[in-house]
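I pulled this one up to see how the chains are built and how they meet. Notes below, in the order I looked things up.

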Amino acid sequence: MKKRYFGLVLYLVFAILPIYWMLNMSLKTNEEITGVFSLWPHQLTFANFRTILTDPAWYGGYINSLIYVGINTVLSVAVALPAAYAFSRYQFLGDKHLFFWLLTNRMSPPAVFLLPFFQLYSSVGLFDTHIAVAMAHMLFNVPLAVWILEGFMSGIPREIDETAYIDGYSFPRFFLRIFIPLIGAGIGVTAFFCFMFSWVELLLARTLTSVNAKPIVAIMTRTVSAAGMDWGVLAAAGVLTIVPGALVIWFVRNYIAKGFAMGRV
Amino acid sequence: MKPINNKAWLLVLPVVLCVAFSAVIPLMTVVNYSVQDILSPEQKVFVGTEWFKTVLRDPELHGALLRQIIFSATVLAIEIPLGIMLALALPAAGWRSSLALVLLAMPLLIPQNVVGTIWQIYGRTDIGLGGVALHALGTEYNYASNSLHAWLTVVVMDVWHWTPLIALLAFAGLRAIPEAYYQAARIDGASRWAVFRYIQLPKMRGVLLIGLLLRFMDSFMIYTEPFVLTGGGPGNATTFLSQYLTQKAVGQFDLGPAAAFSLVYFLIILLACFVFYTLLQQSQSADQKG
């Protein structure tokens, strides 16, 4: 038993060390970072975090990111729910081709779409808005959401639907009152993945924004090139980008394991 | 069998409209560019398949494609077995399980450029723990000047970032195996390996294929992490397909060739995924029969 955990703990140390190192740096002064090599901050300082939390140019980026990630997660799950139901319950003309077509959008490299996206969203007046980034991220999140939800829904017996219809439920009422509560865990897992992939994406988010909706990830890249050496603030910004994700993991940790097991995938 | 009902299209319609707006219009724009020589917004010349011929003969593209294939194959070969091993080692329940899951999943939620930044710092031989440790061990490690070291750093970074995804998926697959299977195996006196080979692995096949597919797509599209870490260098050791494409499209503003390149790139991924997807479908229908 002991041997089994040894490898796991070793891996977890490997996984956590780089993150610890960034946290360590975020709590140091720049002189200490470049001057001495220390395993923990000798002159503990919160100045780096204060810089970020008091400067609107910095914390605005977090707000922008959270807004478009939120819009994206809600929209992706909302449109994917009925579609996943259709795929899991019915055969219809072109269903298999449509499903694969959806998946192909998950496969298209964002680099391919950068310029056309920029032109498209500029021409409809959405450039530099949160909704533009949210729409662009739907390109890879919606197919994934449909895919995951379809797996969950197929794990629920069709007799439940039929019984509800016999009891006189209309489709919308059945779907909202009975079906959605049944796949709650699945929705949680799907929302987690949508949040994750949208939160970490940089290329599209950076291309589609300039000032008003500029995400934190893009603000960070600019600081690297301009200030160059301000490692402390950079590390503090990095630490703060992990916080929302860590909170989300904490809330869905039990669903993740249970979640996938339920569906047939 | 599922009932046939073409009204189901109404349920799929919102998804189709949303995705079509973000996918079909840009894709047609790319197709449009790929057959024209764009001198200025007013001056365009139709050149047919000229750009495709140029792109397919481009030795730099061949280099980037080869590096890409080697990179994707390497990370998949490490991440999938490692992820399975981690999933097998994870405690099944209790606070240890929760804690390990949360720690494990942390790297997944770090934005791509922050991943690059973390490793950029961590690998530095003056201020980074990883770089300093490797120097202390007597190596000449330096990712900024040595191509092999840069490449290895990108691989380790990708393994660090994405192995947890495979581990989480495999863990979910393992939890779905009923206890009765293990009891039967114990009665038969099955070895640890036999349990893995004939019970756990087949039961994880579905989730593993999803993991494989996601990791293949994403590793083939990797852009931000090496860009932040090394900017594609030293030389072009870590210039993968996306990076080369972006250099062409944004840096040199060569719209025509960049668009043709995009389409070729897209078709390569599409083809590979079609093969994986067909495998996935077959394994699912095999599961339903058996």
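These entries go from the overall fold to a helix pair and then to the chain contact.

Entry 1, fold. I'm working from a predicted model. I checked the secondary structure of chain A first and got 13 helices and zero strands. Reading from the N terminus, the elements are α all the way along. Along the principal axes, the C-alpha atoms of chain A fill a box of roughly 75 × 60 × 30 Å.

Entry 2, burial and contacts. I looked at burial next: 49% of the 265 residues of chain A count as buried. For contacts in chain A between residues at least 6 apart in sequence, I found that 81% join residues at least 24 apart.

Entry 3, record check. I looked up UniProt, where an unreviewed entry lists "transmembrane region" for chain A at residues 5–23, 66–87, 99–118, 130–153, 174–200 and 231–252. I then checked two of those spans in the model. Residues 5–23 of chain A are 100% helix, with end C-alpha atoms 26 Å apart. Residues 231–252 of chain A are also 100% helix, and their end C-alpha atoms lie 32 Å apart.

Entry 4, a helix pair. How do helix 4 and helix 7 of chain A pack? Their axes are 6 Å apart at an angle of about 40°, and the crossing is right-handed. I sorted the residues of that contact into 21 nonpolar, eight polar and one charged.

Entry 5, chain contact. Chain A puts 80 residues into the contact and chain B puts in 74. On the chain B side, helix 1 (residues 8–34) gives the largest share, 14 residues. By type, that chain B side has 57 nonpolar, 15 polar and two charged residues.

Definitions and conventions:
Residues are numbered from 1 along each chain as its sequence is written. Chains are lettered from A and ligands numbered from 1 in the order in which they are written. This is a predicted model: local features need pLDDT of at least 70, side-chain atom pairs count only at pLDDT 80 or more; totals for chains, interfaces and linings use all residues. Two residues are in contact if their C-beta atoms, placed from the backbone, lie within 7 Å. Helices (H or I, at least four residues) and strands (E, at least two) are DSSP runs, numbered from the N terminus. Ala, Val, Leu, Ile, Met, Phe, Trp, Tyr, Cys and Pro count as nonpolar, Asp, Glu, Lys and Arg as charged, and the others, Gly among them, as polar. Axes are lines fitted to C-alpha atoms, for helices over the stretch in contact, and angles run from 0 to 180 degrees between N-to-C directions. A crossing is left-handed if the near helix is turned anticlockwise from the far one by less than a right angle, and right-handed if clockwise. UniProt positions are given in the numbering used here, feature names are shortened, and annotations may be inferred rather than shown by experiment. A residue is buried if 20 or more other C-beta atoms lie within 10 Å of its own, exposed if 12 or fewer, and partly exposed in between; C-beta atoms are placed from the backbone.
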